[in-house]
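Here is a friendly walk through one protein model, from its aromatic rings to its cysteines and its pocket. Please keep the 3D view open as you read.

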Amino acid sequence: MLTSINPYTGEKIEKFKELSKSKINKKLKTADKTFKNWKETTFEKRAELMQKLAEELKKNKEEYAKSISLEMGKPITQAIAEIEKCAWVCEYYAENAEKQLQPEKIKTDATESYVNFEPLGVVLAVMPWNYPYWQVFRFLAPALMAGNVGVLKHASNVMRCAENIEKAVLNAGFPEGCFQNLIIGSKKVEFVLRDERVKAVTLTGSKPAGGAVASVAGEIIKKSVLELGGSNALVVFEDANITETVKTCVQARFQNTGQSCIAGKRLLIHERIYNKFIEEFITQVRELKSGDPLDEETYIGVMAREDLAKDLEEQLIDSKEEGAKVVLGGKRRKAYFEPTVVINVTKKMRIFEEETFGPLISVTSFNNDMQAIDLVNRSKFGLGVSIFTEDIERANALIPQFEDGAVFVNELVKSDPRLPFGGTKESGYGRELSSHGIKEFVNRKTVYINKY
């Protein structure tokens, strides 16, 4: 039995009976049968349904958003924004998928040669709780538009959100079996992945979860895409616009109560502006309102589970013992963790080396460009980096030096349907979104035709 618990009140919300292997098999049979028909539909038909799905999300965004706030504690205004973003990705692929998957003609010695992009079949999505709709939709929209069908293994604590996603897909008019939620725990993921009807897997989550799934996928030779953790740096150079940069950095770290793989977790500030910047940064963080996730004024909610807050607390305690200094926050009450700013952080401390998944930011100073590059690249993660400078020529010269999957200049790292999203090193492999993401789960079929 899987149980949803409201992290703000501690109350049990809902229980879900886990599927037996025979019921999983039945759902996979339905998915496989649906795929054989779905792959033959026109892009026009798929786009029509995808637009209806966008309309369904926008029409019922308050209802869908409330399930996010109740199950994992996201402040309601941010939850509504998440639903709106899901509608956007549906609209984006409805408008662009056909063009992105047009055969690619290539001139060779043949009379005609080209590459076709054809769907693979049933794709398993293993998704996390921190953006319980968005993480799913950035897979769902391109996968279905490419002619694939999907089955979802969502995080156990957001199963109502998962059920709502399937409901939204059906309400939009998609055929039964195009997208199904599997009410299962982590132990049954391997059973699903090994099923011969499942052709590929995408996972967003932790390194251990990603490693386990990638190991099985590698053994049975199935395509996998992994979007794992991140420890993004926010690099503030001496010529940055302090007022605007502080505002952006606060949002980058503390939105979604800091529970985001692409959050700016390490704040690196040039020593010339360090004191002025940190003073203004602390002032703005103090102004963030904590409280009930269902209150529209709340910016900082609770963390999704108390054990996650405890993990963050342990990282902080260990770093303090190594010399880190808390200048704001630092206290935990059950699943609530105060917005926390920590200075004097060195590159050997846990809050620098590890991913901190919550409302805590570590602060380190640097004195030149090469030192900043070294601090950024020292991370075992490589999801993204934000750099802040008024000198765009300088920024362009620095961009190739960073090992991350994305570099944002004077902006927080964010996912955008129009741009590829993914990382390097322990942040995973493969790309989501844009024309790159939709081609992850297709057969790139080479066609070579000669006339005698």
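## A tour of the model

E176 is exposed, with a relative accessible area of 63% (buried means under 20% relative accessible area, exposed over 50%, and partly exposed in between, with a 1.4 Å probe and protein chains only). This is a predicted model, in which local features need pLDDT of at least 70 and side-chain atom pairs count only at pLDDT 80 or more, while totals for chains, interfaces and linings use all residues. Residues are numbered from 1 along each chain as its sequence is written, and side-chain values use heavy atoms, with hydrogens and water left out.

To place E176, look in the loop between α6 (159-171) and β7 (179-181); helices (H or I, at least four residues) and strands (E, at least two) are DSSP runs, numbered from the N terminus. From E176 to V115 the C-alpha to C-alpha distance is 31 Å, with their positions 61 residues apart in sequence.

An unreviewed UniProt entry carries the annotation "domain: Aldehyde dehydrogenase" for residues 3-447; UniProt positions are given in the numbering used here, feature names are shortened, and annotations may be inferred rather than shown by experiment. That span is 41% helix and 21% strand, and its end C-alpha atoms lie 50 Å apart.

### Aromatic rings

How many aromatic pairs does the structure hold? There are seven, where rings of Phe, Tyr and Trp (its six-membered ring) pair if their centres lie within 6.5 Å, and planes under 30 degrees apart count as stacked, over 60 as edge-to-face and the rest as tilted. Two of them are listed here.

| Pair | Centre to centre | Angle between planes | Type |
|---|---|---|---|
| F237 and F366 | 5.5 Å | 75° | edge-to-face |
| F277 and F281 | 6.3 Å | 20° | stacked |

F237 sits in the loop between β10 (232-236) and α9 (242-254) and F366 in strand β16 (residues 360-366), so their pair ties together parts that are 129 residues apart in sequence. F237 is buried at 1% relative accessibility, and F366 is buried at 1% as well.

Helix α10 (residues 274-286) holds both F277 and F281, four residues apart, about one turn of the helix. Both F277 and F281 are buried, and ring pairs link them with F254 into a cluster.

Charges meet rings too: a charge sits over a ring if NZ of Lys or CZ of Arg is within 6 Å of the ring centre and within 35 degrees of the ring normal. R46 lies over the face of F43, 4.9 Å from the ring centre, and K439 has its charged end over the ring of F117, at 4.7 Å from the centre.

### Cysteines

How many disulfides does a search of the whole structure find? Zero, with a disulfide taken as a pair of cysteine sulfur atoms within 2.5 Å. For C178, the nearest cysteine sulfur is that of C90, 13 Å away, and C178 is buried at 0% relative accessible area. C249 is buried too, at 0% relative accessibility, and its sulfur is 18 Å from the closest cysteine sulfur, in C261, which is too far for a bond.

### The largest pocket

The largest pocket holds about 1,100 Å³ of space. Among its 40 lining residues, G205, S206, K207, P208 and A209 are the closest to its centre. Two or more lining residues come from each of α7 (189-194), β8 (198-204), α8 (207-219) and α11 (306-321), and α8 gives the largest share, six residues.On a 1 Å grid over the protein atoms alone, a pocket is an open set of points where a 1.4 Å probe fits, with protein on both sides within 12 Å along at least five of seven lines, and lining residues have an atom within 4 Å of a point. Grid points are joined across faces, edges and corners, and the volume is the space filled by probe spheres set on the points.
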